[in-house]
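Open the model in a viewer and keep the sequence panel beside it. Each stop below gives a selection to make and then says what is there.

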Amino acid sequence: MEFTKALIKGKLIKRYKRFFIDVKIDKDIITAHCPNTGSMKGLLDEGNEVYVSKNDDPKRKLKYTLEIIKVKKKLVGVNTHFANKIALHGLSNNLVKEVSNSDNIKSEVFFDKETRFDFLVKKNKQKIFVEVKNVTLFRNDKIAEFPDAVTARGTKHLKALISAFKNGYESYLLFLVQIQGVEKFKIAKDIDKEY
């Protein structure tokens, strides 16, 4: 997958109110939408190189969206809205062997009244739930980690996937690592022991 719009390079000034990030582009300071509401641990140091996209839709309050942050010479995709699009691309193009050659893929499907999973995949009459988690944390140059903060929502999804499995579904958790150059993945047990 590729960005459909050119990205604009700038320098991070600060993030605030979870959804706003100030960026210096040349001599101007702009406020961009931050689509990642997570902690973004290790990514938000002032002066970090960032990449934003511009949107000229007159209905939008903020014309820019944060897409990528460069940390320790690694590009990190932080736009969580892209996570499911990337996952769908992978599922549709048989890039995830556990669910390759599927018959049907549906997005945002309810398992029960309280839980909606990112995808329901049907393959040979088997129903398979896939939940996607966007991974942006790395404290070691070669190892990506999840979560980057305590995640009650993530724990709820894990328990619901187990429940779905007990009810005859196959269940998968897809950790989408958007960190350039990492080689391994692990759960950050020190950050969220319950998860």
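The tour goes through a predicted model in stops, each with its own selection.

**Stop 1: lysine 72**

Select lysine 72, in the loop between strand 5 (64–71) and strand 6 (74–77). Its phi is positive, about 50°, although lysine 72 is not a glycine. Most residues other than glycine have a negative phi. Is lysine 72 buried or exposed? With a relative accessible area of 51%, lysine 72 is exposed, because the cut-off for exposed is over 50%.

**Stop 2: serine 100**

Next, move to the loop between helix 1 (81–92) and strand 7 (104–110), and select serine 100 there. Serine 100 has a relative accessibility of 13% and therefore counts as buried, the limit being under 20%. To see what it touches, add Asn94 and Lys123: serine 100 is in contact with both, leaving aside its neighbours within four places in sequence.

**Stop 3: asparagine 124**

Select asparagine 124, in the loop between strand 8 and strand 9. Its phi is near 50°, a positive value in a residue other than glycine. Asparagine 124 is exposed, with a relative accessible area of 61%.

**Stop 4: strands 10, 11 and 13**

Show strand 10 (residues 137–140) and strand 11 (residues 143–146), which pair in the antiparallel sense over 3 bridges. A hairpin of 2 residues joins strand 10 to strand 11. Pick leucine 137 and look across to glutamate 145 in strand 11, which stands opposite.

Now add strand 13 (residues 184–187). In which sense do strand 11 and strand 13 pair? They pair in the parallel sense, over 4 bridges. Here phenylalanine 146 stands opposite isoleucine 187 in strand 13.

**Stop 5: proline 147**

Stay with phenylalanine 146 and add proline 147: a cis peptide bond joins the two, with omega about 0°. Most peptide bonds are trans. Proline 147 is in the loop between strand 11 and helix 2.

**Stop 6: helix 2**

Follow the chain to helix 2 and select residues 152–166, 15 residues in total. At 1.5 Å a residue helix 2 should span 21 Å, and its end C-alpha atoms are 21 Å apart, which agrees. Which residues of helix 2 are buried? They are Gly154, Thr155, His157, Ala160, Leu161 and Ala164. Show strand 8 (116–123), strand 9 (126–135) and strand 12 (170–177) as well, as these are among the elements that cover the buried residues of helix 2.

End at glycine 168, just after helix 2, where phi is positive at about 100°.

Note on methods
Residues numbered from 1 in each chain as written. Predicted model: local features only at pLDDT ≥ 70, side-chain atom pairs only at ≥ 80, totals over all residues. Heavy atoms only, no water. Buried < 20%, exposed > 50% of the residue type's maximum accessible area, 1.4 Å probe, protein only. Contact = heavy atoms within 4.5 Å. Expected span 1.5 Å × (residues − 1). Pairing = 2+ DSSP bridges.
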